[in-house]
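Hi everyone, thanks for coming. Let me put today's structure up on the screen, and then we'll walk through it together.

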There are 2 protein chains.
Amino acid sequence: MEKIDYTSRHHQIALYAKALAHPARVAILEFLAARECCFFGNLHDVLPIAKATVSQHLSVLKESGLIQGEIKPPQVRYCINKENWDVARDLFGVFFNDLQKIECS
Amino acid sequence: MEKIDYTSRHHQIALYAKALAHPARVAILEFLAARECCFFGNLHDVLPIAKATVSQHLSVLKESGLIQGEIKPPQVRYCINKENWDVARDLFGVFFNDLQKIECS
DNA sequence: CGAACAGTTCGTATATTTGCGAACTGATAA
DNA sequence: TTATCAGTTCGCAAATATACGAACTGTTCG
């Protein structure tokens, strides 16, 4: 049997999963997904962590592509990046739903 | 606005996401999901990592509950834990699909 | 200008993750 | 019994993640 390389799908799923791999980030995404818009302060008010840590988690989410930030001085407005959110939803959807059983080797 | 605690849903999603947060584990799950059964050796043959590392990733997946191992001397047969797999699918499904927009505060 | 406000960045400490080779375990085969 | 085979565990090194306070940036307000 040949060694495989991880496909770009494997990497993509892993990257999105990594973004979701902390309860704070799950909570942030849920909070954002429920709102048209949301400022840093709203998140900080609600989360049980220091603002530096909130900012750090937001960076992780921004780097994953799942959210985007827009500067509205003096605040920063965050929201879900709908395009990538849909990509992630489809990746996980296919991953969890489209398993085809093969006979035991 | 009140601080929230992370809910057990947040924790659960984060834990399953953590399990998926490495390409090797995504590849393993995909491989298992496609087969009725699969031995450690099959996975090691296919993955570009040392057997100690394969074993480690399998431990992570076992601890997450997404897979289970059964000793069939001298081999170990791994398979998807269908029950938890379904739980994870539903958690991610709801998470990605059931967002309700609220007006900007 | 100087103070205040909203966030980010920096520096640092600690914990967790990833990866590997080597040593181990437990079952079978010679 | 000894060797072998399948897989796990150990010990370690390097990288990454998590968290925080303090210092910083950039804007607005007096």
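Helix 4 of chain B is the top contributor to the surface near DNA strand D, giving five residues. Before I go on, please keep in mind that this is a predicted model.

So what else sits around that strand? Strand D has 24 residues around it, and A:Ala52, B:Phe40, B:Gly41, B:Ala52 and B:Gln75 come nearest. Notice that both chains appear among those names. The elements that each supply at least two residues here are helix 4 (51–64) of chain A, plus helix 3 (40–46), helix 4 (51–64) and strand 3 (75–80) of chain B. Sorted by class, the surface near strand D has 14 nonpolar, eight polar and two charged residues.

Now please turn to the other DNA strand. Which residues come closest to DNA strand C? They are A:Phe40, A:Gly41, A:Ala52, A:Gln75 and B:Ala52, out of 24 residues that surround the strand. Two or more residues each come from helix 3, helix 4 and strand 3 (75–80) of chain A, and from helix 4 of chain B. For strand C, the largest share is the five residues from helix 4 of chain A. The classes near strand C are 14 nonpolar, eight polar and two charged.

Let's move from the DNA to the place where the two protein chains meet. How many residues does each chain bring to that contact? Chain A brings 39 and chain B brings 40. On the chain A side, helix 1 (8–19), helix 2 (23–33), helix 3 (40–46) and helix 5 (82–97) each give two or more residues. Helix 1 of chain A has the largest share, with six residues. That side of chain A divides into 23 nonpolar, seven polar and nine charged residues.

Last stop: chain A on its own. Five helices and three strands make up its secondary structure, and along the sequence they run α-α-β-α-α-β-β-α. Is chain A compact or spread out? Its radius of gyration is 17 Å, well over the 13 Å that the globule rule gives for 105 residues, so chain A is more spread out than a compact globule. Along the principal axes, its C-alpha atoms fill a box of roughly 60 × 25 × 20 Å. Of its 105 residues, 30% count as buried. And if you take the contacts in chain A between residues at least 6 apart in sequence, 53% join residues at least 24 apart.

That's my tour, thanks for listening!

Notes
Residues numbered from 1 in each chain as written. Chains lettered and ligands numbered in written order. Predicted model: local features only at pLDDT ≥ 70, side-chain atom pairs only at ≥ 80, totals over all residues. Contact = placed C-beta atoms within 7 Å. Helix = DSSP H or I, 4+ residues; strand = E, 2+ residues; numbered from the N terminus. Nonpolar A, V, L, I, M, F, W, Y, C, P; charged D, E, K, R; others polar. Near = placed C-beta within 6 Å. Rg over C-alpha atoms; globule rule 2.2 N^0.38 Å. Buried ≥ 20, exposed ≤ 12 C-beta atoms within 10 Å, placed from the backbone.
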